[in-house]
Each structure stands twice: as C-alpha cells, then as structure tokens.
Amino acid sequence: MEEPVKAASLSGWSLKGRKKMGHSYIFPRGSSLSALPRPIYLLLVLLALSRRAAGSDVIRIGGLFDPEDERQEVAFRYAVDAINSDRTLLAHARLSAQIEVIPPNDSFRGSRKVCSLLKSGVAAIFGPQSGQTSAHVQSICDALEVPHIENRWDFRLTRDAYSVNLYPHPSTLSKAYMDVLMTLRWRKFYVIYENNDGLVRVQELLKNETWHITLRQLPVTDDYRPMLKDAKKAGVTYVVLDLERDKIFTVLKQAQQIGMMTSYHNYFITSLDLHTVDLEDFRHGGTNITCLRLVDPDNPLVQRVIQDWVFGELRYGRTVDAPTTSLEKSNLTFLKTEVALMYDAVRLFAKALDDLDRSRHIDVTPLDCDGDNAWVHGNSLVNYMKWVQVNGLTGLIKFDTEGFRRDVTLDIVELTKDGLTRVGKWDPANGANYTRTYSEVQQGIVESLQNKTLVITSVLAAPYTMLRETSEQMTGNHRYEGFCVDLIHEISEILGFNYTIKIADDGQHGKFDKKLGRWNGMIGELLDQKADLAIGDLTITYEREQEVDFTMPWMNLGISILYRKPTKKPPNLFSFLSPLSLDVWLYMATAYLGVSLLLFVLARCFTRLGAWRHGKRGPASSRLADDGGSNEGVTFSSRKREAEVSERLSPYEWTASFPCREDGTKTLENQYSLFNSLWFTMGSILQQGTEQQPKAVSTRIVAGMWWFFTLIMISSYTANLAAFLTVERMESPIESAEDLAMQTKIKYGSLYGGSTWNFFSTSKLPIYQRMFSFMESQNPTVYTKSNEEGVKRVQKGDGQYAYMMESSSIEYITERYCDLTQVGGPLDSKSYGIALPPGSPYRTLINAAVLKLQEGGVLHELKRRWWKEKRGGGTCQPDESKSSSKANELGLNNVGGVFVVLLAGMGLASVVAVCEFVWKSRKLATEEHASVWTEMSKELKFALSCDASSKPVRKKLPEHENGPSYLSMNNTFGSTFTTSQYSFSSKDPVS
C-alpha cells in the first residue's frame, strides 16, 4: 500500500494530508536492496527520488450531483482535467475531483456525503442542483468556513458568506425579460408558469401596469391542450412560457396541434436552455419564438471544449449526445447553462486558488462536522473568488460588491428556418439591442410569404365582394368579384402569395358580443385564427383596433344619409316675385308711397296764407299784394277763391301756365299733384321717364335719392331673378342630420352593430345622442340586418324613412337607383382598411403594397370600374340643371306670371277706360240736356270710326242757360290759379 509521502512543501505548499501522485515502488517480500549490486541499487534510489521530486500536490474538491446530472459530472471532471493540463494555473499542484451522487431533495444523505468529503479534506464543495439539499450543504459549509460553489438558479436575493453562485441574479434576468418584451412592444400576453420559482422569475413583469397580463399555471397532468384551447378562444397570440427545459417541447407541440403555432403567434421563453431543445418541428411554421441565451455557441472556447469532451468520452468508450456538426448550425446543443456554469465554476475556483497561493501558505485540513474547527483559509478563498474575473463558457465572470453576478451579457435568440439565430444582445447598461437591420427582418418575412396560401375572409356587400353573375358553375376564388377581390389580387401579385376567399360564417363585419364575451363576424374569425386577412367594407374603429391590426386605409369616407331624391318644385306662376322676400316687397311699397307723398308735400302742400311781405317778389317775378294792399292780387280757382296767395315751402315748383296771354289773366300751376307724384316715382322704379321733372333743390334731392335706391334694388332684383328662373328648385323635407333630429315624422336607422351604429351609440354630441335615443325607442325597429335591406326600405318608404350608411356605399347606390340621393355631407370621417390578426408579420408588407397601388392610381381605377361601369354603373346621368355652365331654358310656367300681370293691367285699364267713358258721357249729357245713351252712342260712333283722328271742341254754353261750362271746370285738386278777378300790377308783369 502506498503511504503518504512526508516531505517539505513545494513552492510554499504544505503537503500535510495530501497524497503524492507519483509512483510507489513495492519490492517483493523477503527481498533486500543490499542484495542488489550497488550500481543498480543507487540507480533505483535516484530514480525513485527523481520521480518523487517531479510529483505535484493534490488538492481535493468535492462535487455533489444528482443521478441525472451526468453532463454536469462530465463537465466537472473535464474542467479538472483542463486545469491540470493548463500549467499557467496551479503550476505545482493538481486538482482531484471527489464526486458523490446523491438523490435530489435527500437532505439527510446529502449531509452525510458532505461530512464525508470534508473529513477527507476538500478545499471546496460544488453543487448540488436540488434547492432543498443545497440549503443543508450551505449551512454545513458556512459552519466549517468551506467555500460552497453553486451553478443553479436561486430565488433568494441574499447570499451566505461562504456561498458563491455563478448563475445570473434573479433581478438581472427579470430586467432582461422586461427589456426584451418592451422592445418587442408586447402589451397584452399570457404568462404560463410551471411552479413557484417561475412565478418569482416573472414577478417583475406583473408589476408593469401598462401591460395586460393573464397568468396561468401549467396543469400537473401531461395534457396541456385544454388550457391552450382556452387561450386560443381568448384570442391569445402573445405567450410567455416559464417552464423547465424538459417540458418546453411538449407544450409547444401541443400548442401546434391546436393551431397556436402559426405565424401570428409569438412566444417568449424564459429558459436559458432553449438551444438544447429540439425545435425541428417548429422551424418552418413561421412562429415567432424568442429567448435569451447565456452560452454563445459561436464562442471558439465553447466549440473547443465541446469537441474535447466528445473525443475524450470516445477514448473511454462512452458517448455524449452532442452534435457532430458545427454548433452554429445546430439547435441541439450538448452544453446546457448549468453544465457550462459548472465548468466555469471550477476555473473560477482554480484562478482564485492560484492568486491566493501567491500570497500565503495554504493547508487543506480534514474537518469534522461535529467538531468546532473551521478551515482558516476558507474566508480568504471565497473573497478571492468574488474578486477575480475569468472568461469562461458563459462569458465574463465577475461579481459585484454584494457577491452577485449581475453584469452578464445575454444573446437574444429567435427561431428561423435555419434554427435559433442570434438577433441581438442584452446587457444591464444598454438593455436590449437588436443587431439585425429592418431590411433583414422584412426580407425574412417576404421569403416566408412566398407561395404561401392565405385565407381571406370577407362579407357579401356590393361592390366590394359579390357573387359572380354567370351561368357557369364556378369554384374557388372565381365565384367572387368586386372591388376588394380585385384589390387583394393586386396585392398578391406584388407580394407573391396565394389566397383563398371565404365568406364569414355569420356574414357580419365584427362586433363584440357582451353576452358571449367574444367577437363575431370577420373580426372573430381573425381572432380565432380561421383567417389571415379580412377585407371588405370594414371600418377602422378604436374597438376593433384594440383587438386586431389594420393596414393603412385604402378608402376614406364618412357617414351620410340615404334618402329618396327630392321632387322638383313646380314652377310658381308668380316666380318673378321670388328674388325678393315678402318683407322686402312690403318695404319697397312703403318706400314708394312714402317718397311719393314726400315729393307731393315738398312740391305743393306746405302753404301759409298771407301776402308777400317787405315788398319781395315771388319766384314767378309777380308782385303779390297783402290783405290791405292794392287791387293787384291773385286768387285761387273757384274752389278757393277766398284764400289769398301766400308763401310756399318750395315756390320753384309753381310756374305760369300761360305766360303769353294778352288779356292779362295769368295762372300759376304745380306739376306735382298726388297722382303725378305717384306716377313720377313709379316711372323711376320701372326705369322709365315721365313728363314731370323736379325744379326745386329739395324735390331734386328727393328724386336723386329715389333714383339711387331704385338703381340698387332693380340691379339686385335683376341679378337674382336670373338665378331663380334658370335654376330648378328641389323640394326636400330634410337637408341634413339636424333636420332629421328636429322632426319625428321621418324615421331613420342604420345597420345594427355596424360602425355607423357604434358611432351614434358612443357619440358625445347632444344631437347624435338624441338621434340614437330616437332610433332605440322605435317599434318596429328602424335597424336593418344588411345595407341591402336598408336601401329597399328607403325605396319603399315613400319619403318616410332615411338610412344612414357610409358615403362610399351611398355613392355606389345612387349610381344605380336614380330615385335615391345623398342628403347632406359626411357626419364624421372614417376609413376602410384590411384587418389582420394581432401581431401579424405581414402588416408592413401589405401597407407598402396598398401605398404602391394608391400612388400608381390603381385604387382610383378600381373604384371607377366598380362604381361607374360594372353592375349597372352609370345608369343615372348627372343632372344637367346642376351644372353652372348651362342655364335651363325658361318655359311658360316660369314666366307665366308676367303675362298674367300684363293681362291684368290691360284689363284694369280697359275697365277704367269704360268708367271714364261713361262718366264723360254723363257729364256731356248733363251739359247739353241730352240723354246719356245718346252721348255714349255719339262718342262710341266717333271712336269706332277709323277715318278721323280729331274732333271739334264743344263750346261752353252760357251759365244761365246751360249751367256751368265744361271748359270752366277746374282741376280736381285746384292745380291752376285764375286771374279773372285779380289783375297783376303793370309794374310787375307775370313772367
């Protein structure tokens, strides 16, 4: 049996309690060295001394592993071999791996194994993975001051004095999870965790109030499909999985079986060992799977270590389930995170031990768990381990002042067709940084979309999606035609995908059913992953945008009112009066009478009896005497003979009627009698002249102002008259939504559950709230199940029903139904868009395609084709009467009133003429003592004779014989003055 060699310490190392790794020479019993020849004896002694001198110290380290931790055990052994092979570390000592296998969660057996290792003399304890067993091991190591090195995830936020854990700190991983999800812009997702440890890992996510998170624990059974089906029914497309490595594949596979591994689903897996899971079945499904990775397969050190392990095991006749190809191109990697951390833990221990060896002598002594002695170098060694920095398989290993490993760099990895690919990095200082460019991301999406068949859901609505009118039996997409069918075809030509059109099962656009707690129609099919796209007259609303993704709008529109076309207003016989309102006509009549009376008053009626004073001459250059004057005076006509001539307000309007008479009798005459004043103002307003012309300044001012007034009024009337006579007036009871809201006779409604209904139900404007209340209170209901039903209801309503719908649909309808029209302008502004499932990767590509079609004029051409050409488009020609470039010709109905006025005027004139004729005949008969009929017959006979245009004047008979003479009758209003009894002075003849 080999005995411990007691020799001096090498390089400052004490060899107490350490085995010499050199060879032992054992001689046969009964043999004697002295019996050998002396040269041979000396040679053997020198050889033994040289071999012993060349030996190294042995430092034991203990490893506790579970029976299933074969890979960690291999990593532990090969890490020790790598340290022993590296002469830069522990040049004069060698590590010896003391491995013990203990069942998980068996604290009693674990305590016994630890005490056994400590009794044999070990410098550190590595492991185990079991949390419960590790806690007991930690307590023993703390009591004996032996370093306890761990490589497992530990939820505890504190570390014991002699504990070193290389696994990243829980708070660091939680921050990494949050940064990545925020970079991915997740806002609503499922969190599926397995145990309480997983709940601790995701607790930081739950603290973010901006996220809507649903938390579910993985069932204890192996069938997870019921839970996943519930998530699918809830429309879940974003899932965070916190599971043990061995259950990740099972959960993903069952999710694939129920249809939750499509290109619209996103998974974030918290495990750092996803690279060790076989993901071959999910590489080509397009599912977005993201995770973090601590071990970089591209690291040359990692690749070299793996190859050494593989070939080293083969030398001993063992195999390792590691890939034979490059780790960079493989999803199945032998190196789990805990395995790599175990390898790095041994290197960290060796580095710290080497640095400590340079400063002091270290003795490794056996320790008894029941004793009071502790290892004197344990505290120093632990401090050195927390102080040194080592580059290992998991990157740079260093600890903060609290002994936590917080400064780590993690790879952000996503699953592609080529396997797990690094797309970015995360570190505590900079957060998540994606290294791939935007063009690389889009290029990958384009490649995944090539030749892929998408399911397009739609609803039958003209002209967007319609059944093809043909006598042939059609199948597939050929059964449908319309604007949206052509639009999706153009998009597919740009992006290179195939598609299948299906009609929504319930034929609805999409409304949230509060009773069922789910969406129906096209939106429901998108959320249920029954369709990839939804296209049709689908309005982009806030509620829908919260559930699905919309592309940019391909048509802008608004809510408007569909109503029967108003009937043409029949022409009014007196339409020439329409340019001015009744008030204006009354004001004009009042102004006419007022100006006429003012003109009459100013020209004549302001008189004051009395004679001329102070010897002044009148305007007629005639001297008028006062009451006590000479015989030269002036008298009125027979009615006002006793009134004396006085001063007048406007004397310039009085002139001598016959200034050249030789008998000396002269008369002053005023042209503005009441009738003449009315006639003057009437001639002015009708743009005609009269024989009366104002002479005085005051009357001229009145006339000028009246002419200015008539100029403006007649010009305005003439300009407005043209519009009223040439433009046909349409008579409609409603002109806007306000008109609808202010009455109750005409009913109005919309498509129930559609965007129009939702607009009124959520509007805050009082007028729209009143309209919605009116629609809700009607029985029978004013709502319809389809737009076609609403159109038919308007046609049959005889003006008693109005239907509110999108203006684009109204435009299509009015192109085909000439008795319908759009009333008023849009009530709001909205848009149609293409809906996709939430998180769809194709949204950006379809946006670009729609924008390209819009810029190229394709959308405009499609609208012109389906609105104005196809399916009866262009039936209703535009109303030419609305064109401003061509006036309507006037018919008798438009100007008939003028003829009526003309005929009425001529009739009135004829009646007045007859009256005058009768009155004149009666006066002549009285004067000539003849019968009225005799005079009438004479006058009539003369009037009807066409050969004479003049007749003799009948002389006045003596007054005592025949009464008053006809010729001596004065003007009715006394408009002349006679000088038969009063003569003018010879000095002042009348001019």
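Which helices each supply at least two residues of the lining of the second largest pocket? The legends below start with that pocket, and everything shown comes from a predicted model.

**View 1. The second largest pocket and its helices.** Here's the answer to the opening question: helix H2 (70-85), helix H5 (170-183), helix H6 (196-201), helix H9 (245-257) and helix H11 (337-357) each supply at least two residues of the lining. The volume of this pocket comes out at about 1,100 Å³. Its lining is made of 34 residues, and those nearest the centre are Gln-129, Glu-244, Arg-245, Lys-336 and Glu-338. Sorted by type, the lining has 18 charged residues, ten nonpolar and six polar.

**View 2. The second largest cavity.** Two cavities of 30 Å³ or more turn up in the structure, and the second largest has a volume of about 130 Å³. Its lining counts 15 residues, with His-509, Leu-751, Gly-754, Ser-755 and Glu-806 closest to the centre. Two elements, helix H21 (755-762) and strand S33 (801-806), give two or more residues to this lining. Which element gives the most? That's S33, with four residues. By type, the lining of the second largest cavity splits into six nonpolar, six polar and three charged residues.

**View 3. A salt bridge between Arg-422 and Asp-298.** The structure has 33 salt bridges, and this view picks out the one where the side chains of Arg-422 and Asp-298 meet at 3.8 Å, N to O. Arg-422 belongs to strand S14 (residues 419-427), while Asp-298 sits in the loop between strand S10 (288-293) and helix H10 (300-315), so the pair ties together parts that are 124 residues apart in sequence. Arg-422 counts as partly exposed because its relative accessibility is 33%. Asp-298 has a relative accessible area of 33%, so this residue is partly exposed too.

**View 4. Asp-549 with Arg-843, and a salt-bridge network.** Asp-549 and Arg-843 form a salt bridge whose closest N and O atoms are 3.9 Å apart. The two residues come from distant parts of the chain, 294 residues apart: Asp-549 is in strand S23 (residues 549-550) and Arg-843 in helix H25 (residues 843-855). Is Asp-549 buried or exposed? Asp-549 is buried, because its relative accessible area is 10% and the cut-off for buried is under 20%. Arg-843, at 30%, is partly exposed. Elsewhere, Arg-293, Asp-296, Asp-298, Asp-411, Arg-422 and Lys-425 are joined into one network by salt bridges that share partners.

**View 5. The salt bridge of Arg-406 and Asp-400.** In this pair, the closest N and O atoms are 2.4 Å apart. Arg-406 has 28% relative accessibility and so counts as partly exposed. Asp-400, with a relative accessible area of 25%, is partly exposed as well.

**View 6. A nonpolar surface patch.** Which residues make the nonpolar surface patch of about 290 Å²? They are Leu-573, Phe-574, Leu-577 and Val-900. Leu-573 is in the loop between strand S26 (567-568) and helix H17 (582-605). With 39% relative accessibility, Leu-573 counts as partly exposed.

**View 7. Strand S16 and the cis bond in the loop after S16.** Thr-453 is part of strand S16 (residues 453-458), and its relative accessible area of 44% makes Thr-453 partly exposed. Thr-453 and Thr-500 are 47 residues apart along the chain, with their C-alpha atoms separated by 7.0 Å. The loop between S16 and strand S17 (466-467) holds Pro-463. The peptide bond from Ala-462 to Pro-463 is cis, with omega near 0°.

**View 8. A cis bond at Pro-780.** The bond joining Asn-779 and Pro-780 is a cis peptide bond, with omega about 10°. Pro-780 lies between helix H22 (766-777) and helix H23 (787-796), in the loop.

**View 9. Two arginines with positive phi.** Arg-185 is a residue other than glycine with a positive phi, near 65°. Look for Arg-185 in the loop between H5 and strand S6 (188-193), where this residue is exposed, with a relative accessible area of 73%. Arg-871 also has a positive phi, near 55°. The loop between helix H26 (858-868) and helix H27 (892-927) is where Arg-871 is found, and at 26% relative accessibility Arg-871 counts as partly exposed.

Technical notes:
Residues are numbered from 1 along each chain as its sequence is written. This is a predicted model: local features need pLDDT of at least 70, side-chain atom pairs count only at pLDDT 80 or more; totals for chains, interfaces and linings use all residues. Side-chain values use heavy atoms; hydrogens and water are left out. On a 1 Å grid over the protein atoms alone, a cavity is a set of points where a 1.4 Å probe fits but cannot get out, and a pocket is an open set with protein on both sides within 12 Å along at least five of seven lines; lining residues have an atom within 4 Å of a point. Grid points are joined across faces, edges and corners, and a volume is the space filled by probe spheres set on the points. Ala, Val, Leu, Ile, Met, Phe, Trp, Tyr, Cys and Pro count as nonpolar, Asp, Glu, Lys and Arg as charged, and the others, Gly among them, as polar. Patches are made of residues with over 30% relative accessible area and no salt bridge: like charges are joined within 9 Å, nonpolar side chains (Val, Leu, Ile, Met, Phe, Trp, Tyr) within 5 Å. Accessible areas come from the Shrake-Rupley method with a 1.4 Å probe; for residues, only the protein chains shown count as cover. A salt bridge is a side-chain nitrogen of Lys or Arg within 4 Å of a carboxyl oxygen of Asp or Glu. Buried means under 20% relative accessible area, exposed over 50%, partly exposed in between (1.4 Å probe, protein chains only).
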